[in-house]
Amino acid sequence: MASRCRLVGDAAGLLADAPRPLESFSPGHWALMQELERRAPEVVPRRDVDAAASFLSDVVYLKRPHTTHRASVREAVASHPAEVLGALDAPERVGELGYAAMDALAKVPWFCA
Amino acid sequence: MVLRLVCPASFGIVDWRNLAVLCGSPGFDGLVAPTVSFSQFSREEVVAARGQLPFTMDVYREYNRTLRSLARDCGVRVADVDLVLWTYSIDRQPFAPFSLPVFDSTVPALGERERDALRRDHQSVAAQLVREYLVRLGDVGFLSKNQILAELRSVFGLIRDECAGFGNHKRGKVKDRVRLVVAALDEAISSESPERLLGQWNRWQGMVDPTASSWIGISLPTDMILEGYLVLEDFIPVKEYLGAHYDASSFDPRCGRE
């Protein structure tokens with residue numbers, strides 16, 4: 001990989017402008033991303049499969065809003081409680097696991113790597 | 001995605017658009033210097049494969065390492081660098097309007113110009129058309145079973161119209177046999193499930209394949225190709241795509257059940 005690349009454009013301007021292009025991907029995308037970022041630190045330590053299934057189905061919807069049926073994804077995720085609990089452990093141990101944390105997440109339906 | 005939401009300071013989301021900006025792919029250059037090279041693909045391959053670009057763990061590690069370096073330089077979170085790249089990519093190449101079935105908005109109605117192109121070089125023109133459809137299909141992600149059914153119905157609908165158009169210029173036995181094929185396609189289109197429709201696909205192929213026992217006596221695809229029509233064989237990569245990404249009976253995403 002090339003060494004030491006830099007952003008040579010107006011990074012601050014692009015960041016400030018982010019909500020507009022994100023909305024062009026899907027209406028409500030920006031707000032949902034912010035909401036999920038807010039919910040994530042609450043959901044992970046609760047270790048509640050239902051709450052986690054809701055969160056994870058919203059995450060799938062965030063990535064693929066045009067084709068995701070959230071209720072079906074939520075049902076599929078909730079039907080794998082052991083995998084969901086494993087996935088909740090992983091982010092808490094990310095400092096120790098590093099990228100291997102993704103392996104646990106990938107066992108949850110709809111979260112293949 | 002989950003790690004990006006839980007630890008935005010350290011993780012971003014990998015996406016072909018962000019990789020295209022980092023690599024300086026055609027149409028996405030100008031934000032990063034020097035551009036980043038990935039051993040797994042070229043900058044041109046990123047924009048050619050788009051949503052079907054394979055994201056291995058090695059790719060993600062290299063990608064995220066680059067984002068962390070850029071985040072340190074800019075004094076922002078890794079997730080913010082991810083947003084900067086994505087925003088830039090959308091400015092350079094806005095999203096195409098989205099509607100389902102994807103097929104209907106991707107594969108154009110064929111006019112005389114397209115027919116001429118097909119007559120001149122059927123294989124390349126048809127392959128490009130199918131490739132663009134599959135790229136768009138990859139962009140939208142996994143489809144539900146009903147959405148897959150709608151896609152297959154659209155594919156069959158086009159081929160049905162192609163056969164009917166071809167038959168309009170024919171007489172006698174050939175016209176009668178084309179009618180049989182059109183009827184088989186109509187029956188397939190009315191299927192209520194994608195597995196039945198895929199079964200009909202195999203049956204229909206047999207009707208026009210001289211090596212099959214169900215051959216009806218004409219080499220329909222060859223004659224259609226010579227006259228600039230698309231044939232179902234052109235869309236075999238669609239069948240392969242579905243086979244690779246979805247369970248053959250439930251049509252659940254394959255990787256979602258691993």
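Hi everyone, this is a short walk through a predicted complex of chain A and chain B, from confidence to contacts to one buried helix.

A word on conventions: residues are numbered from 1 along each chain as its sequence is written, and chains are lettered from A, ligands numbered from 1, in the order in which they are written. Since this is a predicted model, local features need pLDDT of at least 70 and side-chain atom pairs count only at pLDDT 80 or more, while totals for chains, interfaces and linings use all residues.

How confident is the predictor? The complex gets an ipTM of 0.89 and a pTM of 0.74. Chain B averages a pLDDT (the predictor's confidence in each residue, from 0 to 100) of 87, and 93% of its residues score at least 70. Within chain B, helix α11 (residues 194-208) has the lowest confidence, with a mean of 76, and helix α5 (residues 78-92) the highest, at 96. Helices (H or I, at least four residues) and strands (E, at least two) are DSSP runs, numbered from the N terminus.

Now chain A. Chain A has eight helices and one strand, and the strand comes at the start of the pattern, β-α-α-α-α-α-α-α-α. Of its 113 residues, 34% are buried, meaning that 20 or more other C-beta atoms lie within 10 Å of a residue's own; exposed is 12 or fewer, partly exposed is in between, and C-beta atoms are placed from the backbone.

So where do the chains meet? In all, 36 residues of chain A are in contact (C-beta atoms, placed from the backbone, within 7 Å) with 44 residues of chain B. On chain A's side, α3(A) gives the largest share, five residues. By class, that side has 26 nonpolar residues (Ala, Val, Leu, Ile, Met, Phe, Trp, Tyr, Cys and Pro), five charged (Asp, Glu, Lys and Arg) and five polar (the others, Gly among them).

There is strand pairing too, for which DSSP must find at least two bridges. Two bridges join β1(A) to β1 of chain B (residues 32-33), running antiparallel, and Arg6(A) stands opposite Ala33(B).

Finally, back to α5(B). Why is it described as largely enclosed? Because 12 of its 15 residues are buried, among them Asp80(B), Trp86(B) and Tyr88(B). The cover includes β1, α1 and α2 of chain A, together with α1, α2 and α4 of chain B. So the helix with chain B's highest confidence is covered in part by elements of chain A.

Note on methods
Two residues are in contact if their C-beta atoms, placed from the backbone, lie within 7 Å.
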